[in-house]
Protein chains: 2
Amino acid sequence: MPVKMKAPDPLRERVGAAGQRFVLHWGEMGSRWGVNRTVAQLHALLFLAGRPMHAEEISAVLQVARSNISTSLRELQNWSLVRVVHLMGDRRDYYQTAQDPWELMRIIVRERKAREFDPTVRVLRECIADPAFGELDPAAQKRVRETLSLMESLSGWADEMLGLESATLARLARLGAKVQRLARGKKAA
Amino acid sequence: MPVKMKAPDPLRERVGAAGQRFVLHWGEMGSRWGVNRTVAQLHALLFLAGRPMHAEEISAVLQVARSNISTSLRELQNWSLVRVVHLMGDRRDYYQTAQDPWELMRIIVRERKAREFDPTVRVLRECIADPAFGELDPAAQKRVRETLSLMESLSGWADEMLGLESATLARLARLGAKVQRLARGKKAA
DNA sequence: CTGTTGTTTCAGTATTGACAGAAAGATACG
DNA sequence: CGTATCTTTCTGTCAATACTGAAACAACAG
């Protein structure tokens, strides 16, 4: 029976047990939200590291093939979540992500909205515009129209939010929290 | 060369071209959001139909195996999006979903939040509580704390929203739209 | 009790998407 | 121009998930 070596865990070495947990969980959640696990982990790692990393290093830390990292980085760049930087005296590309979670959220919301939400709104509009739409029974027509209206409202809210600075958003959130505490206090009383 | 029959399309027959577009697109979008395509289509169909349907009929309309429909219905019931009803003189189970899009949205937000958002908040709290967390460099610690704070804010907002009636939500949305129009008008002026 | 009707579970199959490793492609340096 | 270094693309493999059809199960009527 061979002596079992402690499996080397570069991720843990790099960001500690807590950081490891964070990165792995993020990957897990990502895949539930239709984001490739590796992509999500990679983004979490860059966020946590808070400094530019090159592909080789990422590949070693996440223990994923270099080529896979390349693809994932490309994906993150398409999402405007990662950008390339260069360090003096080093030919390699370094990659980094924004440090501010509000900024990140804004980017993600903007991109998902553009890719998934807006097209759906468009499809709903087209459905309603379609001459065949009138054939549907009136109640169903109403439901579709209400759905469109709901999505348009949300779309508007989102655009509104996307126009705000991170600092403003954070302030708004704190304000919301305060209001909620008040509301809860009132209910409890 | 055999004469090509017009492929029968029960979905189209049932809900027309516009409805078909709606159902198929919904399925497409669902799978992008981590929802099984069949499940999403099925829900869209029930929403559009606006009346209880039995599994056999759904199976025929969506052209999907009876058993697959069964599984998908179970899934939707777990999400509280579909419930069983019975019609006089018919032994079969009939399934229906809420008619009100706001109601549906509320349910979906509630469920996804409970399954995916809240656990992440918990993990973040645990990461921060972990003694190993202190080993991270202070800037990274700050980022994680900010992330937690962001998610807690969102969580609070969501809970707030979940407490409201559909009618209230719809009113709020209309209000939001009005505010947006005003804001845009002001900017334009 | 038994046949009928309807629903669910299960086991195998197919499809999809992720991934590794190899090869090709770019870019800077001597 | 080569050569060295780094990045991307491509192809086959593997794993996860969705899906089907069959069989088991349940409820009910006669």
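Q: In which sense do strand 2 and strand 3 (residues 94-97) of chain B pair, and over how many bridges?

A: In general, the strands of a sheet pair through backbone hydrogen bonds, and they do so either in the parallel or in the antiparallel sense. In this predicted model, strand 2 and strand 3 of chain B pair in the antiparallel sense over 4 bridges. One residue position can be followed by eye, since B:Val82 stands opposite B:Thr97 in strand 3 of chain B.

Q: In what order do the strands of the chain B sheet lie, and which are the edge strands?

A: An edge strand is recognised by its pairing on one side only. The open sheet of chain B consists of 3 strands in the order 1-3-2, with antiparallel pairing, and its edges are strand 1 (53-54) and strand 2 (82-85) of chain B.

Q: How many residues of chain A are in contact with chain B, and which element gives the largest share of that side of chain A?

A: One reads an interface by its residues, then by the elements that supply them. Here 43 residues of chain A are in contact with 43 residues of chain B. On the side of chain A that touches chain B, two or more residues come from each of helix 1 (10-32), helix 2, helix 5 (101-129), helix 6 (138-162) and helix 7 (166-188) of chain A, and helix 6 gives the largest share, 11 residues. By class, that side has 23 nonpolar, 12 polar and 8 charged residues.

Q: By what turn and what shift can chain A be laid on chain B?

A: A turn of 180° with a shift of 0.0 Å along the axis lays chain A on chain B with an RMSD of 0.1 Å, which is the relation of a two-fold axis. Because 100% of the interface residues of chain A are also interface residues in chain B, the copies meet through the same surface.

Q: Which residues come nearest to DNA strand D, and which helix gives the most to the surface near that strand?

A: Such a surface can be described by its nearest residues, its elements and its residue classes. Of the 20 residues around DNA strand D, those that come nearest are A:Ser67, A:Asp93, B:Ala65, B:Ser67 and B:Asn68. Helix 4 of chain A gives the most, with 6 residues, and the surface divides into 4 nonpolar, 8 polar and 8 charged residues.

Q: How many residues surround DNA strand C, and which are the closest?

A: DNA strand C is surrounded by 18 residues, of which A:Thr38, A:Ala65, A:Ser67, A:Asn68 and B:Ser67 are the closest. Helix 4 of chain B gives the most to the surface near this strand, with 4 residues.

Methods:
Residues numbered from 1 in each chain as written. Chains lettered and ligands numbered in written order. Predicted model: local features only at pLDDT ≥ 70, side-chain atom pairs only at ≥ 80, totals over all residues. Near = placed C-beta within 6 Å. Nonpolar A, V, L, I, M, F, W, Y, C, P; charged D, E, K, R; others polar. Contact = placed C-beta atoms within 7 Å. Least-squares fit on C-alpha atoms with pLDDT ≥ 70 in both. Pairing = 2+ DSSP bridges.
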